[in-house]
Amino acid sequence: MWFKNLTVYRFNEPFTLTADDVEEKLADKRFHPCGKQDMSRFGWTSPLGGIEQPLVHASNGFIMLCAKKEEKVIPPAVINEMLQERVAELEEKEARKLSGKEKSRLKDELIFELLPRAFAFSRKTYAYIDPKGGWIVVDAATPKKAEDLLSLLRQCLGSLPVVPLTTAEKPALIMTDWLLNQTEPSDWVIEDECELRSQSDEGSIIRCKRHDLRAPEILNHLQNDKLVIKLALSWADRLSFVLDENLAVKRLKFLDLIQDQVADVETNSDAERFDADFAIMSMELSHFLPRLVEVFGGISTAV
């Protein structure tokens, strides 16, 4: 359950629904596995994992959700091989070449035949709502995955007045200044990984891992038009992560101070463990996110 990525959205209006309200509204979109002829299914499942468990898990005012997507996979090579065989049979039987439209129809028929036997795989996407802080945070490594969850939530709630987190200062410019001039805040530590991009039309990219980012060759790149678009950081000895130019947090880790706090909490079941972990994680991020916004100049007021 511990989030590994943070894609953050900000509410434009206060979120006034209770956990019970959200539970009721999600019910119509509860996840069901793919039927024989379904290519995919997408819906809500319990964050706790049980089929009969609630679709919402609330703790200290935070509301956890979990979307589940199941998709069937038919290897393209299988489809192409079977399609070529059928096309060859028909062309020989009818003594003519099939049109592109006919081949497309044959392909659709093949997929329909193969669907009941196709391998299905599923994945979950977790998110939580922080009504007090005005955030919705999705554990998603890509914007597409986060937007899929938000779209499903919007269908259930009727509206979802959120926008991606943006700040008054451009993160790439601030992170570049941190490296060039050692101006990072005292509670932030620059680690050993970054990605630099040229501001020229070519947009060349340099990736550095396990490297001293204060080394002359790095500074030389920065002095010659490159910007920091990804940077490995740690915050207050509590979190480590890679931050990109869009304020997406990747490879998030909760450090020893947090892990010690987790270890001190005694639980008697998986549900209690989940609740304790969620409470600690959400509270920690409720302190981190405002600080993240602060070091980049506050929330953007641009329309």
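The legends below describe close-up views of helices and strands in a predicted model.

**View 1. Helix 5 packs against helix 6.** Helix 5 covers residues 171-181 and helix 6 covers residues 216-223. Their axes lie 10 Å apart, and the angle between the two helices is about 135 degrees. Helix 5 and helix 6 are therefore oblique to each other, since an angle counts as roughly antiparallel over 145 degrees and as roughly perpendicular from 65 to 115 degrees. The crossing of helix 5 with helix 6 is left-handed.

**View 2. Residues at the contact of helix 5 with helix 6.** Helix 5 contributes Thr176, Leu179 and Leu180. These residues meet Ile218, Leu219, Leu222 and Gln223 of helix 6. Of the residues in this contact, 5 are nonpolar and 2 are polar, while no charged residue takes part.

**View 3. Helix 7 crosses helix 8.** Helix 7 spans residues 256-263, and helix 8 spans residues 270-295. Their axes come within 10 Å and cross at roughly 150 degrees. Angles over 145 degrees count as roughly antiparallel, and helix 7 and helix 8 are therefore roughly antiparallel to each other. Their crossing is right-handed. On the side of helix 7, the contact is made by Ile258, Gln261 and Val262. Helix 8 supplies Arg273, Asp277, Ile280 and Glu284. This contact of helix 7 with helix 8 holds 3 nonpolar, 1 polar and 3 charged residues.

**View 4. An open sheet is built from 5 strands.** The strands follow the order 9-8-10-11-12, and their pairing is antiparallel. Strand 9 (205-209) and strand 12 (249-254) stand at the edges. Each of these edge strands has a single partner strand, so one side of each is left without a neighbour in the sheet. From one strand to the next, the twist averages 15 degrees.

**View 5. Strand 8 pairs with strand 10 inside the sheet order.** Strand 8 comprises residues 188-198 and strand 10 comprises residues 226-235. The two strands run antiparallel and are joined by 8 bridges. Leu196 has Val228 in strand 10 as its bridge partner.

**View 6. Helix 6 and helix 8 in relation to the strands.** Helix 6 packs on the sheet and touches strand 8, strand 9 and strand 10. The direction of helix 6 makes about 130 degrees with that of strand 10. Helix 8 lies across strand 8, strand 10, strand 11 (239-244) and strand 12. Relative to strand 11, helix 8 runs at about 45 degrees.

How values were computed. Residues are numbered from 1 along each chain as its sequence is written. This is a predicted model: local features need pLDDT of at least 70, side-chain atom pairs count only at pLDDT 80 or more; totals for chains, interfaces and linings use all residues. Side-chain values use heavy atoms; hydrogens and water are left out. Axes are lines fitted to C-alpha atoms, for helices over the stretch in contact, and angles run from 0 to 180 degrees between N-to-C directions. Helices (H or I, at least four residues) and strands (E, at least two) are DSSP runs, numbered from the N terminus. Angles under 35 degrees count as roughly parallel, over 145 as roughly antiparallel, 65 to 115 as roughly perpendicular and the rest as oblique. A crossing is left-handed if the near helix is turned anticlockwise from the far one by less than a right angle, and right-handed if clockwise. Contact means heavy atoms within 4.5 Å. Ala, Val, Leu, Ile, Met, Phe, Trp, Tyr, Cys and Pro count as nonpolar, Asp, Glu, Lys and Arg as charged, and the others, Gly among them, as polar. Two strands pair if DSSP finds at least two bridges between them.
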